[in-house]
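Trainee: I've got this one open on my screen and I'd like to walk through it with you. Can we take it piece by piece?

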Amino acid sequence: MKKGPRLLWLTGMLLVLSGIWPILHLVNRIDPVILGLPLFVFYMLLLNFAVAGFLLIAFRMLE
Amino acid sequence: MLNHWQIVPVFVIGFLMTTLYLGIRGGRGRIHSSTDHVLGGRTLGLALVFFVSVGEIYSSVAFLGQPGWAYQHGVGMLLPVGTFIPLMAFWLGPRIWQVGKTAGALTQAQFFGARFNSQLLRAMAAVVALVGLIPYMAVQMMGGGYILDITTRGHIPFWLGALFAFGVVAIYVYSGGLRGIGWVAVFKGIFMAVVGVFIVFRVVRFYYGGISGLFTRLATVSPAYLTLPGPHHFVTYTFWSTSLLISLCAFYMWPHLFANFFAVKSPRVIRQQAIFLPLYNVLSTIFMLVGFAGILILPSIKPDTVMVEMVMRVAPLWLVALFCTGALSASMVTGAACSLAAAATLGNDLLQPQLKLQDPELRKLIQILVFFVVAAAYVIALLRPATIVYIILTAYGFTSQFFPLTLAVVYNWKVSAAGGIAALAAGFGVISFFVFGPLSPPYGIHAGILGLAVNVPTMFVVSRYTLAREAKLI
């Protein structure tokens, strides 16, 4: 695998890992409340935007 | 002046007629072959592919079931499957598209059968597909039937609501195929986003003054709902992590989602739509807010009814009616896609190898089978079996067992047909043991993960001893 695709693959794996244990343990709390949302809820919403941003970058790299 | 229960059917009938028109018009003059009917001629562009995807992903479960789970288990329902599955689409979708195009595959079962030159593997995949798809369709029908039954206070009974909604589905799938489903999905996707979000914010604002007020009160009164493992200690870290991983493996292995990749005009479009999917997923998180809102307002109701109950308490009649049509449309698009995939699998993978029809006859057969599979699902829906949830959960575990075999195909691993069949049989056996047998999976690990743990080594070990012999035979 070339360097670019390998980097994308690793970043994708890291993103998935950020949604499971043990990272989950760090964000599994109510405080601090961000934009009116408990930390856990805010983090789960943020992941959506992180994945969309990552895929946009990956698309630009591959196309 | 119309009564409450009469307003809902007026909106619903208007909506059903619109979907019928869109569904039939979507395929008019464009269906000349089985590929045109089942895969939209392999020419679907970004808008249709995106809305077909979100239509299939966010079924009535997103509208009714997930708020119910949030009501029952709190933030445990935020399991980010919808967040991460676009990564799988981006990674595997273009590869599946390429192999599917080369093999001329209409269905997932044909994809495996063609790659391994095995009729047995094709039939096995087809049977598993039908076992998963028909009960899944039945669940969507049950959702549609319940919505009309509850909101018309029983004037449109469950059996009639389900029959009417899925009668319309059968007609437009018969007539318009995937392209018809696509245009209905565009309508539904926009409708659900606008109406659903408006209703959710209205409910939250009415009871709590806003999202911030909702979470502040919940954090004060019932903080257990805002962290894992939730109030009933159900969503542990192990359950969360293994459920997420198995969902990522299984998700695109569902036959109707898998075959969607074949329908796209280029791999570039698959990647483009994957970028937008996580943004639409934010919507499903927004729907769950109603579940959180219901925790303090309606402390002891059936979880699945929380959305309907909250909306009926807050919204005016016309908005309740619009909500009903949105929820109904969610169940119908998913049901339509499943009915098309099931009819295509039954016709193309189980009957066609015996009948050996010409393509126009095969297309006609698949179109007629749409009515047959919808009728089968309707019978299951009427029986309302208590085990239907188990059937679907098992089907989810079963479909995940196709994941290693899919990787073997798209990466051209040295795997034989015998290796693939043995791997699937081993994986299915392990899941069946833990789902139907006397023992539960240890440490709350998802049975699908245990199935994969046996599936993968079996695939390589059996292939090692059978690959050379199969190569000689070919």
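Mentor: Sure, and keep in mind that this is a predicted model. Let's start with B:Leu467, which is found in helix 19 (residues 447-473) of chain B.

Trainee: Okay, is B:Leu467 buried, exposed or partly exposed?
Mentor: Count the C-beta neighbours inside 10 Å, and you get 16 for B:Leu467. Buried needs 20 or more and exposed needs 12 or fewer. So B:Leu467 counts as partly exposed.

Trainee: Which residues does B:Leu467 touch, not counting those up to four places away in sequence?
Mentor: Distance along the chain won't tell you: B:Leu467 and B:Ala377 are 90 residues apart in sequence and 40 Å apart in space, C-alpha to C-alpha. Leave out residues up to four places away in sequence, and the ones B:Leu467 touches are B:Lys414 and B:Ser416.

Trainee: How far apart in space are the C-alpha atoms of B:Leu120 and B:Gly210?
Mentor: B:Leu120 lies in helix 7 (residues 119-151) of chain B, and with 13 C-beta neighbours inside 10 Å it counts as partly exposed. Along the chain, B:Leu120 and B:Gly210 are 90 residues apart. Their C-alpha atoms are separated by 57 Å.

Trainee: And what about B:Val370 and B:Val169, how far apart are their C-alpha atoms?
Mentor: B:Val370 sits in helix 15 (residues 359-383) of chain B. Along the chain, B:Val370 and B:Val169 are 201 residues apart. In space, their C-alpha atoms are separated by 9.5 Å.

Trainee: Is B:Val370 buried or exposed, and what is it in contact with?
Mentor: B:Val370 has 26 other C-beta atoms within 10 Å, so it is buried. Set aside its neighbours within four places in sequence, and its contacts are B:Ala170, B:Val173, B:Tyr174, B:Ser339, B:Leu340 and B:Ala343.

Trainee: Now the helix packing: are helix 8 and helix 12 of chain B roughly parallel or roughly antiparallel?
Mentor: Helix 8 (residues 158-208) and helix 12 (residues 267-297) of chain B pack at an angle of about 30°, with their axes 9 Å apart. Angles under 35 degrees count as roughly parallel. Helix 8 and helix 12 of chain B are therefore roughly parallel to each other.

Trainee: How many nonpolar residues are in that contact of helix 8 with helix 12 of chain B?
Mentor: On the helix 8 side of chain B you'll find B:Ala193, B:Gly196 and B:Val197 among them, and on the helix 12 side the residues include B:Leu283, B:Ile286 and B:Phe287. By class, the contact has no charged residues, one polar and 14 nonpolar.

Trainee: What span should helix 18 of chain B have?
Mentor: Helix 18 (residues 417-436) of chain B has 20 residues, taken at 1.5 Å a residue. Its end C-alpha atoms are 28 Å apart in the model, which agrees with the expected span of 28 Å.

Trainee: Which helix gives the largest share of the side of chain A that touches chain B?
Mentor: Overall, 27 residues of chain A are in contact with 31 residues of chain B. Helix 1 (3-17), helix 2 (23-27) and helix 3 (39-62) of chain A each supply at least two residues of that chain A side. The largest share, 12 residues, comes from helix 3 of chain A.

Trainee: How do the residues on that side of chain A divide by class?
Mentor: Stay with the side of chain A that touches chain B. Its residues divide into two charged, six polar and 19 nonpolar.

Trainee: Where's the cis peptide bond in chain A?
Mentor: Look in the loop between helix 1 and helix 2 of chain A, where A:Pro22 lies. Omega there is about 15°, and the cis bond joins A:Trp21 and A:Pro22.

Trainee: And which residues does the cis bond at B:Pro229 run between?
Mentor: B:Pro229 is in the loop between helix 9 (211-221) and helix 10 (237-250) of chain B. With omega near 10°, the cis bond runs from B:Leu228 to B:Pro229.

Trainee: One last thing: is B:His233 buried or exposed?
Mentor: B:His233 is in the loop between helix 9 and helix 10 of chain B, and its phi is near 55°, a positive value in a residue other than glycine. With 11 other C-beta atoms within 10 Å, B:His233 is exposed.

Note on methods: Residues are numbered from 1 along each chain as its sequence is written. Chains are lettered from A and ligands numbered from 1 in the order in which they are written. This is a predicted model: local features need pLDDT of at least 70, side-chain atom pairs count only at pLDDT 80 or more; totals for chains, interfaces and linings use all residues. Helices (H or I, at least four residues) and strands (E, at least two) are DSSP runs, numbered from the N terminus. The expected span of a helix is 1.5 Å times one less than its number of residues. Axes are lines fitted to C-alpha atoms, for helices over the stretch in contact, and angles run from 0 to 180 degrees between N-to-C directions. Angles under 35 degrees count as roughly parallel, over 145 as roughly antiparallel, 65 to 115 as roughly perpendicular and the rest as oblique. Two residues are in contact if their C-beta atoms, placed from the backbone, lie within 7 Å. Ala, Val, Leu, Ile, Met, Phe, Trp, Tyr, Cys and Pro count as nonpolar, Asp, Glu, Lys and Arg as charged, and the others, Gly among them, as polar.
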